[in-house]
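Subject: Handing over the structure

Hi,

Here is the structure I promised to pass on. Please open it first, then read my notes below.

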Amino acid sequence: LSHLLREYIPEQKVVIKIDSTQVKGMPHRRFNGLVGIVRESGRRAVIIDVNVGNKVKTVISRKEHIIPLLEAKQ
């Protein structure tokens with residue numbers, strides 16, 4: 001529950017970890033497990049830039065599907 005209440009700030013690194021119990025705001029499965037940088041944070045959703053190959057993709061995801069990078073390493 002704590003990662004749902006967390007405020008994400010721009011330039012913060014996050015891991016996309018899809019929660020299959022929540023279908024709303026779920027990013028595509030190809031982004032599962034990738035690390036991205038928060039570009040913008042809203043009330044419910046977060047806009048994340050993810051490097052995929054030589055391109056930077058923009059992923060819009062709800063907060064249920066992301067966790068901060070420091071929590072993912074523990």
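In which strand is S61 found? S61 is found in strand β4. Please keep in mind that this is a predicted model. My notes go strand by strand, then turn to charges and one odd backbone angle.

**The strands and how they pair**

Start with β1, residues 13-16. Strand β2 covers residues 35-41. The two run antiparallel, joined by 3 bridges. Two of the residue pairs are easy to find. K13 has I37 as its bridge partner in β2. V15 is matched with V35 in β2.

β1 also pairs with strand β5, residues 66-68. The sense is antiparallel here too, over 3 bridges. Look for I16, whose bridge partner in β5 is I66.

Next comes β2 with β3. They run antiparallel and are joined by 5 bridges. Together they form a hairpin, with 3 residues between the strands. One of the pairs to look at is G36, which has V50 as its bridge partner in β3.

Then β3 with β4. Strand β3 spans residues 45-52, and β4 spans residues 55-62. They pair over 8 bridges in the antiparallel sense. N51 in this pairing has V56 of β4 as its bridge partner. β3 and β4 make a hairpin as well, with 2 residues between the strands. In that hairpin, G53 takes a positive phi near 70 degrees.

**A closer look at β4**

Three residues of this strand are worth a click.

- S61 is buried, because its relative accessibility is 1% and the cut-off for buried is under 20%. Its C-alpha lies 9.9 Å from that of S41, and the two residues are 20 apart in sequence.
- V56 also sits in β4. V56 counts as exposed, because its relative accessibility is 53% and exposed means over 50%. The C-alpha atoms of V56 and G36 are separated by 9.5 Å, with their positions 20 residues apart along the chain.
- K55 has its place in β4 too. K55 is exposed, with a relative accessible area of 54%.

Why might neighbours in a strand differ in exposure? In a regular strand the side chains alternate between the two faces of the sheet.

**Charges**

K55 brings us to the surface. R29, R30, K55 and K57 form a positive surface patch. Try colouring by charge to see it.

How many salt bridges does the structure hold? The structure holds 2 salt bridges. Side chains of opposite charge can pair when their charged atoms come close.

One salt bridge is between the side chains of D49 and R39, at 3.3 Å from N to O. This pair links distant parts of the chain, with D49 in strand β3 and R39 in strand β2, 10 residues apart. D49 counts as partly exposed, at 24% relative accessibility. R39 is partly exposed as well, at 44%.

The other joins E64 and R62. Their closest N and O atoms are 3.5 Å apart. E64 is partly exposed, with a relative accessible area of 21%. R62 is partly exposed too, and its value is 22%.

**One odd backbone angle**

Which residue has a positive phi although it is not a glycine? That is E11, with a phi of about 75 degrees. Most residues other than glycine have a negative phi. E11 lies in the loop between α1 (2-5) and β1. Is E11 buried or exposed? E11 is exposed, with a relative accessible area of 65%.

**Where to start**

If time is short, take these views in order.

1. The β3 and β4 pairing, with its 8 bridges.
2. The salt bridge of D49 and R39.
3. The positive patch of R29, R30, K55 and K57.
4. E11 and its positive phi.

Over to you.

Best wishes

How values were computed. Residues numbered from 1 in each chain as written. Predicted model: local features only at pLDDT ≥ 70, side-chain atom pairs only at ≥ 80, totals over all residues. Heavy atoms only, no water. Patch = residues over 30% accessible without salt bridge, like charges linked within 9 Å, V, L, I, M, F, W, Y side chains within 5 Å. Areas by Shrake-Rupley, 256 points an atom, 1.4 Å probe, with all protein chains shown as cover. Salt bridge = Lys/Arg side-chain N within 4 Å of Asp/Glu carboxyl O. Lys, Arg positive; Asp, Glu negative; His and termini not counted. Charge placed at Lys NZ, Arg CZ, Asp CG, Glu CD. Helix = DSSP H or I, 4+ residues; strand = E, 2+ residues; numbered from the N terminus. Buried < 20%, exposed > 50% of the residue type's maximum accessible area, 1.4 Å probe, protein only. Pairing = 2+ DSSP bridges.
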